[in-house]
Amino acid sequence: MRRCVLGFILLAFLFGIVVPNKTLAQQSDSSYDLIVVGATFSGIAAAINAAKFGHSVALVEEYPHIGGLMTGGLSYTDFLSFEVLGGTFKNYIQRVEQYYIHKYGANAQQVQDAHKGIHAEPHVTLRIFREMLEEYPNITVLLQHRLDKVFLEDSMGKLKKIASVTMINLIDDSLLNISGQRFIDATYEGDLAALAGVGFTVGRESREQYGEIFAGKIFFQDGKILLGSTGEKDKKVQGYNFRIIMSNDPDNRKLIEKPVNYKRGNFSPLSEVLTSGKVSRVFSEDRDGIFRIQMLPNQKSDMNDIKNSPVRMALLGKNYEYPEGSPEVRKRIIREHKEHNLGMLYFVQNDPSMPEKFKKEARKWGLAKDEFTDNDNFPYRLYIREARRIIGKHILKEQDVRLQSNSIRSVLQEDAIAIGDYALNCHGESPPGSLYAHLTEGDFSFRPAPFQIPYGVLVPREIDNLLVSVAVSATHVGFTGIRLEPTWTALGQAAGLAAHQSLEKNVVFAELNVNNLQQLLHAEKAKTIYISDVETDSRFFKSAQYFGTKGFFHNLVNLDTIDFKPAKRTFGLQYFEAHPYHEMEPEKLMDKGLASQWIDLLNLKADKLQKANKLYENKLTRGEFLVELFDIINP
């Protein structure tokens with residue numbers, strides 16, 4: 001591993017966390033076009049999408065493994081309908097499906113349990129991520145390197161830019177300094193952005209600040225906001241827990257051993273809850289248990305917290321220090337969550353106070369022996385649902401995901417670079433109290449229509465050459481709808497392609513031509529608007545995405561003529577069929593009125609307007625019309 005020059009080390013320690021000194025900043029061990037901090041899937045997507053255009057990339061990760069939560073326990077991915085998936089994430093699930101088909105056969109149970117590749121065992125995802133990165137030799141992966149300092153310099157007399165970063169090699173405590181032209185923060189915590197001096201928020205905004213219904217202190221039940229919901233702001237963040245991979249295969253099951261620092265009294269409420277009948281099972285695929293079963297191939301489950309369960313995996317209220325905490329503070333909080341989650345499992349499998357039928361049920365499950373084999377079969381990563389959120393060029397709020405006036409679609413974002421399809425969903429901020437003994441404060445859930453995410457959420461206000469793809473610019477409420485691996489991955493892909501175009505055109509991120517970025521995203525099969533009947537392999541895909549993002553489909557459906565019915569669940573799981581009334585109907589014959597309406601939205605110059613108006617004479621379908629219109633606008 002490269003080591004820093006001794007003189008640089010001594011000088012660097014004389015400075016603060018952010019060092020605005022050009023001379024020091026240039027004394028680096030290596031230089032790259034792009035440095036991505038955080039090998040989450042968002043960071044991997046950013047690295048891959050920049051590297052495929054020939055740029056040199058350093059992918060820096062504090063942990064011993066790449067992949068973040070996707071290889072660290074979270075294997076039951078969160079989104080609502082398959083039509084939201086595109087680009088790098090869709091490529092990943094296609095690889096997953098092919099892996100299981102190749103290993104077990106097309107009709108195997110493992111292929112069925114992978115559900116088109118969305119459910120993969122962690123070791124399978126780790127293998128695929130490694131393969132994806134190995135396809136690009138211009139990506140250098142630096143594992144077990146913790147970010148330590150950021151060196152800044154002036155950027156064209158306006159904002160600052162990052163010149164280089166210093167990292168601690170956690171194996172031998174040596175320092176490594178690397179310089180880069182562009183940087184992406186893909187950490188769950190927003191550590192690079194914070195060290196660079198980017199403004200950020202931790203906790204909840206008040207209801208008054210942005211007028212968000214779900215903001216601030218809130219009690220929510222059965223679709224209603226209850227009395228006592230003051231909407232006041234605070235520094236609380238929603239609960240964390242581990243996503244524990246367990247198996248009910250007797251040959252691959254390891255029962256839970258007594259954890260270090262186990263205190264039986266901490267878990268006595270478990271037996272009280274089970275004997276009282278408040279829940280009917282220990283493990284459940286529904287909401288009537290304590291641990292949520294989320295099945296994976298090979299008789300495994302990604303065990304998760306159940307919202308508003310009487311006893312929670314999420315250690316509510318014990319994580320408030322984590323987002324801005326030192327490495328030591330974070331390590332303590334991670335340890336406490338591990339002891340809590342293992343303690344719960346040990347108690348239900350072994351404690352004499354447990355009713356025998358529940359104890360017998362619990363002992364059917366154990367840690368999967370073939371997962372996390374270098375970590376006592378326990379997940380590598382704590383599920384950080386929310387930490388810092390930067391304050392960027394656009395702050396995504398609750399209003400951004402609600403319906404546009406007189407439309408079945410969410411608010412149009414013409415600078416969209418990704419889409420989301422999930423509920424505004426929070427696992428709670430504080431444990432139940434005296435007001436509602438059965439209700440977690442801060443828990444809410446509201447499902448909007450699929451929504452667009454604008455480019456500005458990636459762009460800090462203070463640094464010219466930095467994008468942030470995970471700890472993005474959003475309110476607490478807005479963030480609850482995008483804090484999902486498929487969405488973060490889409491944002492990472494957009495950041496990586498933005499880095500490529502920024503380098504190619506020699507422009508800062510804030511001045512990037514978003515229209516050109518969108519077209520590159522579409523060429524790479526990424527989505528900027530939700531269209532339920534035009535997939536990435538369609539010949540209409542690029543033109544449909546382009547014009548959909550211009551607003552062509554927002555008034556395609558007359559609200560007075562529809563009988564709206566929610567989408568039905570698919571696979572019997574949390575996923576749904578396509579969101580209703582989000583079709584384009586590409587094979588439908590184009591009519592003159594719609595053609596004129598679409599052309600009017602473009603404000604074309606005379607020569608292009610004349611060509612566009614003639615298209616209707618060709619008796620085209622909607623899809624064909626958009627393809628030819630695209631060629632007129634982008635010759």
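A residue is taken as buried when its relative accessible area is under 20%, and in this predicted model F129, with a relative accessible area of 0%, is therefore buried. The same term applies to F41, for which the relative accessible area is likewise 0%.

Aromatic contacts were then examined, with two rings counted as a pair if their centres lie within 6.5 Å; by this rule the count comes to 33 aromatic pairs. One of these is formed by F41 and F129, whose ring centres are 4.3 Å apart and whose planes meet at 40°, so that the pair is classed as tilted, given that stacked planes are under 30 degrees apart and edge-to-face planes over 60. Because F41 belongs to helix α3 (residues 41-51) whereas F129 belongs to helix α6 (residues 122-134), the contact ties together parts of the structure that are 88 residues apart in sequence. The rings of F372 and Y380 have their centres 5.0 Å apart, and the angle of 80° between their planes means that this pair is edge-to-face; both F372 and Y380 are buried.

Beyond these individual pairs, one aromatic cluster is formed by Y546, F547, F552, F553, W598, F625 and F630.

Charged side chains were also found over aromatic rings. R330 is placed over the face of Y322, at 5.0 Å from the ring centre, while R447 is placed over the face of F576, at 4.5 Å from the ring centre.

Conventions
Residues are numbered from 1 along each chain as its sequence is written. This is a predicted model: local features need pLDDT of at least 70, side-chain atom pairs count only at pLDDT 80 or more; totals for chains, interfaces and linings use all residues. Side-chain values use heavy atoms; hydrogens and water are left out. Rings of Phe, Tyr and Trp (its six-membered ring) pair if their centres lie within 6.5 Å; planes under 30 degrees apart count as stacked, over 60 as edge-to-face and the rest as tilted. Helices (H or I, at least four residues) and strands (E, at least two) are DSSP runs, numbered from the N terminus. Buried means under 20% relative accessible area, exposed over 50%, partly exposed in between (1.4 Å probe, protein chains only). A charge sits over a ring if NZ of Lys or CZ of Arg is within 6 Å of the ring centre and within 35 degrees of the ring normal.
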